[in-house]
Amino acid sequence: MEENGKTIPQEVKGWNWGAFMYNIMWGIGNRTYLPLLCLIPLFNIVWIFVVGFKGNGWAWQKGDYKDIETFKAVQKTWNRAGLFQFIISIAIFALYTAFVVFFIGNVFNEMDF
């Protein structure tokens with residue numbers, strides 16, 4: 001698919017953690033506005049995965065990158081931040097789940113049936 005006369009090189013395609021986790025900010029920063037559809041409730045659950053998968057292609061077509069290495073260097077920062085945020089989110093979710101399970105277990109143990 002071509003946009004602005006640019007085809008997407010094979011090296012550019014792939015998953016982008018920055019586009020997945022920071023979809024709206026990433027979209028604005030890369031001048032691609034399809035990630036703004038993540039503002040639609042319920043639709044965003046599916047759309048964040050589309051943005052993560054298609055984001056590199058959209059950014060390549062909208063940006064004025066001189067070469068693939070420059071593009072990859074810019075997206076590497078987004079990828080690193082997005083992956084870090086994903087790992088932190090999973091860790092917080094796991095701690096929250098462990099706390100809730102522990103708390104509910106204690107409540108049931110203290111109740112007399």
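Mentor: Before we start, a handy term: contact means heavy atoms within 4.5 Å. Keep in mind that this is a predicted model.

Trainee: Which helices are included in what covers the buried residues of helix 3?

Mentor: Happy to help! The buried residues of helix 3 include Trp47, Val51, Gly55, Trp58 and Trp60. Their cover includes helix 1 (17–21), helix 2 (23–29) and helix 4 (68–110).

Trainee: Where does helix 3 bend?

Mentor: Begin with its span. A straight helix of 20 residues would span 28 Å, yet helix 3 (residues 43–62) spans only 24 Å between its end C-alpha atoms. Helix 3 also has a bend of about 60°, and its place is Lys54.

Trainee: Is Gln61 buried or exposed?

Mentor: Gln61 is a residue of helix 3. Its C-alpha atom is separated by 5.7 Å from that of Lys6, although the two are 55 residues apart along the chain. Buried means under 20% relative accessible area. Gln61 has 4% relative accessibility, so it counts as buried.

Trainee: How many residues apart in sequence are the parts that the Arg31 and Asp64 pair ties together?

Mentor: Good one! A search of the whole structure finds one salt bridge. Arg31 forms a salt bridge with Asp64, with the closest N and O atoms 2.5 Å apart. Arg31 lies in the loop between helix 2 and helix 3, and Asp64 in the loop between helix 3 and helix 4, so the parts tied together are apart in sequence by 33 residues.

Trainee: Which of the two partners counts as exposed?

Mentor: Exposed means over 50% relative accessible area. Arg31, at 41%, counts as partly exposed. At 61% relative accessibility, the partner that counts as exposed is Asp64.

How values were computed:
Residues numbered from 1 in each chain as written. Predicted model: local features only at pLDDT ≥ 70, side-chain atom pairs only at ≥ 80, totals over all residues. Heavy atoms only, no water. Helix = DSSP H or I, 4+ residues; strand = E, 2+ residues; numbered from the N terminus. Expected span 1.5 Å × (residues − 1). Bend = angle between axes of the 7 residues up to and from the residue. Buried < 20%, exposed > 50% of the residue type's maximum accessible area, 1.4 Å probe, protein only. Salt bridge = Lys/Arg side-chain N within 4 Å of Asp/Glu carboxyl O.
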